[in-house]
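Hi,

Here is the structure I promised to pass on. Have a look at it first, and my notes on what turned up are underneath.

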Amino acid sequence: MGKYFGTDGFRGEANEVLTADHAYQVGRFLGWYYGELKRQAGLNASPKVVIGKDTRRSSYMFEYSLVSGLVASGADAYLLHVTTTPSVAYVTKVDSFDCGIMISASHNPYYDNGIKLINSQGEKMEEETIQIIESYLDNNLELFGQKWDKLPFAKKEQIGCTVDYFSGRNRYIGYLISLGLYSFKDKKVALDCANGAAWNIAKSVFDALGAKTYVINASPDGTNINRNAGSTHIEGLQQYVIDNGLDVGFAYDGDADRCLAVDEKGHVIDGDAILYICGVHMKEKGELMNNTVVTTVMSNFGLYKAFDEVGIDYAKTAVGDKYVYEYMSQNGCRIGGEQSGHIIFSKYATTGDGILTSLKVMEVMLATKKTLSELAAPFTVYPQVLKNVKVLDKKEAQDDPDVQEKVKEVAEKLGDSGRILVRESGTEPLVRVMVEAETKEECEAYVDSVIEVIKAKKHTCE
């Protein structure tokens with residue numbers, strides 16, 4: 001991760017960590033950079049950049065700042081306005097934009113915001129380009145054989161223009177509708193839009209496919225995004241499904257690249273369960289390429305046991321849908337994701353797409369004529385305990401020979417009935433100790449035994 005951009009963009013409190021000037025400078029760089037690439041390729045055309053945003057109050061400020069920077073550098077800025085991250089990825093690729101920008105802090109509270117960059121293939125921006133942007137933000141840009149103290153401004157007819165591009169968002173909605181293989185008629189479906197980007201898209205898709213659609217948290221006011229709503233606060237949807245006798249519920253996050261589900265009994269169906277349900281169905285249809293589902297190291301041990309039972313292979317990547325997609329691309333896998341609800345169906349999308357995920361879950365329900373609770377029944381979630389330890393030095397604490405020896409001892413005791421995972425936090429001075437086992441008591445005891453060694457070796461801040 002860089003100084004500004006993490007695994008999911010440049011994110012932080014608006015005008016505290018991420019400022020309007022940052023956004024302007026990112027726009028200035030992108031407009032100039034893609035224009036320069038075209039000039040060096042002998043092309044006489046303005047770069048085109050498409051921008052979407054979620055419903056945060058600060059999203060408009062960042063949108064205008066980015067546009068100012070882009071057009072000042074000679075790029076044309078196309079505005080999708082309030083829309084989802086996967087829609088920006090889709091439009092960027094399908095409509096041949098040089099890059100896409102999504103203004104969102106995903107599941108974070110309203111006062112945070114972020115800038116996510118998407119390359120021309122609809123994928124998260126490659127690290128090499130991110131590093132160049134970081135160099136520019138730090139006034140240390142060396143590129144194309146020279147050092148750039150200032151970037152040139154576009155002049156006269158070279159100044160970029162701004163285009164309202166609602167048609168791009170509408171085409172994305174049409175694309176989602178086209179993926180519906182079955183009519184949703186007579187299915188009662190709840191959608192929790194988190195007062196975020198899905199609020200004016202998800203219902204249109206489900207209505208078009210014939211569902212009786214019930215929507216909650218679809219009244220954004222700029223400050224209520226993710227507030228007691230959406231995939232990070234799913235308890236409201238659970239109760240709503242039960243109270244209204246619905247068949248299923250789906251909860252999205254602020255930019256709708258995540259989806260969690262609720263079955264007809266009000267039970268949460270998390271990302272691991274969705275991977276199991278869809279993975280099994282794809283295997284039965286002969287669509288599970290390489291017979292492999294891609295997960296992260298944080299997926300529940302019960303998922304792997306369930307996959308073993310049905311003969312499905314699995315891969316484990318570092319935490320982050322970016323790493324899941326990289327593995328899928330390199331190995332030709334069709335489905336992968338995270339427990340948090342980032343699910344990627346690579347045949348249809350280049351990023352996690354919450355609405356698409358909900359459509360694929362509906363497809364399995366309708367194809368099998370089973371309820372969601374029946375589909376999830378073979379997957380048993382193992383008890384899990386995760387504790388964070390604040391340490392002086394993350395690497396030193398994790399690499400300590402005595403800590404490593406204790407971790408090895410726990411792993412041997414667990415055998416094939418559980419697992420232990422010790423990893424560093426990517427953003428905080430923490431070591432995370434996680435154990436999954438057959439009982440909660442075992443988990444607690446094993447986690448505490450590792451933490452005791454970390455403390456005994458004086459790695460903690462206490």
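**Cores, sheet and rings**

The largest nonpolar core has 64 residues, and those touching the most other members are Phe206, Phe250, Tyr252, Ile335 and Leu372. By nonpolar core I mean a set of buried Ala, Val, Leu, Ile, Met, Phe, Trp, Tyr and Cys residues joined through side-chain atoms within 4.5 Å. Buried is under 20% relative accessible area, exposed over 50% and partly exposed in between, with a 1.4 Å probe and protein chains only. Phenylalanine 250 is a good place to start browsing: leaving aside neighbours within four places in sequence, its contacts (heavy atoms within 4.5 Å) include Val189, Leu191, Phe206, Leu237, Cys259 and Met362. There is also a second, separate core of 37 residues, with Phe5, Ile115, Met125 and Leu137 among them.

Before you go further: this is a predicted model, where local features need pLDDT of at least 70 and side-chain atom pairs count only at pLDDT 80 or more, while totals for chains, interfaces and linings use all residues. Numbering starts from 1 along each chain as its sequence is written, and side-chain values use heavy atoms, leaving out hydrogens and water.

Now the sheet. It is open, has seven strands in the order S1-S2-S6-S5-S3-S4-S9, and its pairing is mixed. Strand S1 (5–6) and S9 are at the edges with a single partner strand each, so each has one side without a neighbour in the sheet. Helices (H or I, at least four residues) and strands (E, at least two) are DSSP runs numbered from the N terminus, and two strands pair if DSSP finds at least two bridges between them.

Strand S4 (residues 76–82) is largely enclosed by the rest of the structure, because seven of its seven residues are buried. Strand S3 (residues 48–53) runs parallel to S4 and is joined to it by six bridges, with valine 50 partnered by tyrosine 78. Between S3 and S4 the chain passes through helix H2 (residues 57–72) in a right-handed β-α-β crossover; that means the path from the first strand over the helix to the second runs clockwise with the strands pointing away from the viewer. S4 also pairs with strand S9 (residues 162–164), again in the parallel sense, over three bridges; there, alanine 77 has threonine 162 as its bridge partner.

On to the aromatics: I count 23 pairs. Rings of Phe, Tyr and Trp (its six-membered ring) pair if their centres lie within 6.5 Å, with planes under 30 degrees apart called stacked, over 60 edge-to-face and the rest tilted. Tryptophan 32 and tryptophan 148 make an edge-to-face pair, 4.7 Å centre to centre with 65 degrees between the planes. The first of these is in helix H1 (residues 20–40) and tryptophan 148 is in strand S8 (residues 146–148), so the pair ties together parts 116 residues apart in sequence. Tryptophan 32 is buried at 1% relative accessible area, and tryptophan 148 is buried at 15%. Tyrosine 78 turns up again here, in an edge-to-face pair with phenylalanine 97 at 5.0 Å centre to centre and 75 degrees between the planes. Finally, ring pairs link a cluster that includes Phe29, Trp32, Tyr136 and Trp148.

Cheers
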